[in-house]
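Pull up the model and keep the sequence beside it. We'll walk through it a piece at a time, starting with single residues and working toward how the helices pack.

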Amino acid sequence: MSSLLRPLEDVVLTVKDTDELKMKLISAIIDTNIPPIDKRKLAMNIERCKNTFQIQKLFYNSLLKFEGMGTF
């Protein structure tokens with residue numbers, strides 16, 4: 001099963017500026033069919049990240065969770 005986050009992987013790997021990455025990811029997540037409560041939680045967690053590495057780590061942990069191989 002592929003996560004609805006999978007198409008956003010290119011954004012996570014190519015955008016290097018932390019603030020730009022936050023904006024793009026949150027905007028893209030809002031446009032997905034992810035349940036609203038998960039969207040809010042994910043957006044809040046992205047906002048808390050202080051650097052690109054933390055956003056990437058959160059993204060991949062979330063990706064694994066939504067694909068049924070969760071790490072948290």
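Lys65 is partly exposed, with a relative accessible area of 33%. You'll find Lys65 in helix H4. Keep in mind as you look that this is a predicted model. From Lys65, hop over to Ile26: the two are 39 residues apart along the chain, and their C-alpha atoms are separated by 18 Å.

Now try Arg48, which sits in helix H3. Arg48 has a relative accessible area of 56%, and because the cut-off for exposed is over 50%, Arg48 counts as exposed. Measure across to Leu58 in your viewer if you like: Arg48 and Leu58 are 10 residues apart along the chain, with 10 Å between their C-alpha atoms.

Pro7 belongs to the segment before helix H1, which covers 9–14. Is Pro7 buried or exposed? Pro7 is exposed, at 61% relative accessible area. Its C-alpha is 12 Å from that of Tyr60, although their positions lie 53 residues apart in sequence, counted as a separation.

Val15 gives you another picture. Val15 is placed in the loop between H1 and H2, yet Val15 counts as buried, with a relative accessibility of 8%. What does Val15 touch, leaving aside neighbours within four places in sequence? The contacts are Glu20, Leu21, Lys24 and Thr52. Of these, take Thr52: Val15 and Thr52 are 37 residues apart in sequence, and their C-alpha atoms are 8.6 Å apart in space.

Time to zoom out. The secondary structure of the protein amounts to 4 helices and 0 strands, so reading from the N terminus on, the elements go α-α-α-α. The radius of gyration is 11 Å, close to the 11 Å that the globule rule gives for 72 residues, so the protein is as compact as a globular protein of that length. Along its principal axes, the C-alpha trace spans about 30 × 20 × 20 Å. As for what is tucked away, 36% of the 72 residues count as buried. Look at contacts with a separation of 6 or more, and you'll see that residues 24 or more positions apart account for 59% of them.

Next, how do the helices sit against each other? Start with H2 (residues 18–30) and H3 (residues 36–48), which pack at an angle of about 180 degrees, with axes 10 Å apart. Angles over 145 degrees count as roughly antiparallel, and H2 and H3 are therefore roughly antiparallel to each other. On the H2 side, the residues that meet H3 are Lys22, Leu25, Ile26, Ile29 and Ile30. On the H3 side, they are Lys39, Leu42, Ala43, Ile46 and Glu47. Sorted by type, the residues of this contact come to 7 nonpolar, no polar and 3 charged.

Now swing round to H2 and H4. Their axes come within 9 Å and cross at roughly 30 degrees. Angles under 35 degrees count as roughly parallel, and H2 and H4 are therefore roughly parallel to each other. H2 brings Thr18, Leu21, Lys22 and Leu25 to this contact, and H4 brings Thr52, Ile55 and Phe59. The residues of the contact of H2 with H4 divide into 4 nonpolar, 2 polar and 1 charged. Thr52 should look familiar, since Val15 is also in contact with it.

That leaves the core. In soluble globular proteins, nonpolar side chains tend to be buried together. Here, the largest nonpolar core has 17 residues. Which residues have the most contacts inside this core? They are Leu5, Leu8, Leu25, Ile29, Leu42, Ile46 and Phe59. H2, H3 and H4 (52–66) each supply at least two residues of the core.

Phe59 is a good place to finish. Not counting residues up to four places away in sequence, Phe59 touches Leu5, Leu8, Glu9, Val12 and Leu25. Leu25 is worth clicking on too: Leu25 is part of the contact of H2 with H3, and Leu25 also takes part in the contact of H2 with H4.

How values were computed: Residues numbered from 1 in each chain as written. Predicted model: local features only at pLDDT ≥ 70, side-chain atom pairs only at ≥ 80, totals over all residues. Heavy atoms only, no water. Axes fitted to C-alpha atoms, helices over the stretch in contact; angles between N-to-C directions. Parallel < 35°, antiparallel > 145°, perpendicular 65-115°, else oblique. Contact = heavy atoms within 4.5 Å. Nonpolar A, V, L, I, M, F, W, Y, C, P; charged D, E, K, R; others polar. Core = buried A, V, L, I, M, F, W, Y, C linked by side-chain atoms within 4.5 Å. Buried < 20%, exposed > 50% of the residue type's maximum accessible area, 1.4 Å probe, protein only. Rg over C-alpha atoms; globule rule 2.2 N^0.38 Å.
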